[in-house]
Every structure is written in structure tokens, then in C-alpha cells.
Amino acid sequence: MKTIFFSTVLNLCLLFSFNLRGQYQLLAADPSNDGANPQLADGTHFAYHYDAQSDSLYFRVELNSLTPSMASGFGCNVMVNLFSTEPTFNFWGQDNQLPYHYLLTAWVTGSPPSNYTGTIGIADANGVNAQNYTNLYQNNIQISIEPNLTRVTFAVKREDIMPARFQSPSTGILSASVAAAVGSNQSWNDDLFDPDSRIQIDMNSIGLKESSSSNFKLYPNPCSGLLYLDLDKDQSIEIIDLQGRVLQSLNYLKGQAIDLSFLKAGLYQIRTASGQYQSFIRE
């Protein structure tokens, strides 16, 4: 890829020592302090989690460090190769001859952990090669920085970055290789990729796979405001974000709708008093 201003990719990465209940799978590990500029974000691990119930992907990047000044203006990209003959663009990192089909971009300024503005969205090869990094989708990515400023999570609908048309017609498996990079909202600084890493999604499981602690349904999902729960009794529930923070607690009455208009677009969970939970997308 040609030299371009971009605060390259920050997407899911996780440190081996962190216990994430087995949800995240490591895609790449990278040495500390190997970035081009020691003043910019330096990535150490890159990981992902696929939630079949909401059909969404979570990308996470673990950073060596991210100061408050860096967090207010950082950049991240995730590149996806779907093993197709469709047009590609080249990875602009250290191994810049690797081809990819889709690009997630988050080159932002703002105040962590939210309220980011900038270039946020998805592009295909035509968009990337024309330097239009949101030609497919704009502002469709939820960005979350944890309080210690060393872990950044990006959540996106699976279809936006890994379209179903790329699945194997014989097995239903959707497979991709991915790479990530981090930096500022002005320049690339560090790569995170392993040429042998893969994301594989069984498209037959979408919307059917539930965690062992979840057995209720919610609809519509995605929702634009009102959400209905299929619970068998009245009970207290909590709305939580990607970091497990409680955004709202309320007493749910069977059959009532929950007004979620106060939420920003993104991925969230409902947790019940009995310990069940389900993911949903607020459009």
C-alpha cells in the first residue's frame, strides 16, 4: 500500500496473562517497543471474539502503553483477506506485499473511553485504493478503551467486514486471514500480524449458538430503540457495555418493551438477576 496518513489499526489484542473466560482467540503477538516512533502506540497482542448470537466480531488490541494524550488521538486499522479473486489492496505495514479485501479504520480524536470522531468505518479495495476509507460503511464501529489505557476493543457486525458471500458453499465455513496496525491519527507505527492466523466462522451457527449461561431470546436484534425480552417471569436486569460496566438497572415486567434510545450505536449485553445474558446491537 502506498504511503498514506493513517492511524493504523488497533483491533483486538489480548495479553496471554489475561483471563478473558476463553472468549478471545489470539491472532498475533508482537514484541514490545518495536514501533517506528516510541512516542506513539505500540501493539503487543491482537485477538478476536465472534459472538454467534448477535453475529458480531470483537477485535481487541493490547498495547505496550497508551498515554492519555495518545488515547485522545490514535489510529487503528484491521485488514481482512477473504481468499477471493475480488480486487485487493496491499498491506502497508512491514510486509507490504500481502493482499487484503476489507479494511476497518478507526483514526480518531476525542475523550476516552468514548466520544470519538474522525475516520471510522469499513472500505473495500476500491475504496482503499482511492483513499476513501469509509466507502462501504461509516461510523459503524464501537470503540472502547479500558481505564488502564492498554487495551482497545472494536466491535462490528460480522457482515460489514466478513460478508457471507465469501463462505465455502460446501462447508458453510467463512474463513479469513487478518492483520492489524496501530499508531496515531496521523501516522502508522506498529504492525500486529501472523501469516498463519485465521478467523473461521461456521455460518450454520449464526443466531443459534448461545452460551451455556444464556437461554432467553431478545428481539428485534439489531434494535433501533425498543427491545423485547422473552423471559418467563418478572425480574431485575442490567444493561452492560463491552467492559462489563452497568449502564442501566431496572425491574423488568414480563412482556414490556425496554427503551434503549439512550444508548449509542454499538454492541451491548442484557444480564438478568438469575445470571443469564444475551448480546444485542443498538443501531
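This text walks through two beta sheets of a predicted model. Residues are numbered from 1 along each chain as its sequence is written, and side-chain values use heavy atoms, with hydrogens and water left out. Because the model is predicted, local features need pLDDT of at least 70 and side-chain atom pairs count only at pLDDT 80 or more, while totals for chains, interfaces and linings use all residues.

Strands here are DSSP runs (E, at least two residues), numbered from the N terminus. Two strands pair if DSSP finds at least two bridges between them.

One sheet is open and has 3 strands in the order β15-β16-β19, with antiparallel pairing. Its edge strands are β15 (217-219) and β19 (257-259), each of which pairs on one side only. From one strand to the next, the twist averages 30 degrees; such angles run from 0 to 180 degrees between N-to-C directions, and the axes are lines fitted to C-alpha atoms. Within this sheet, β16 (residues 226-230) pairs with β19 in the antiparallel sense over 3 bridges. Leu226 has Asp259 in β19 as its bridge partner.

Another open sheet has 4 strands, in the order β18-β17-β20-β21, again with antiparallel pairing. Strands β18 (246-252) and β21 (277-282) each have a single partner strand, so one side of each is left without a neighbour in the sheet. On average, neighbouring strands of this sheet are turned by 25 degrees against each other, direction ignored. Strand β20 (residues 266-272) runs antiparallel to β21 and is joined to β21 by 6 bridges. Leu267, for its part, has Ile281 in β21 as its bridge partner.
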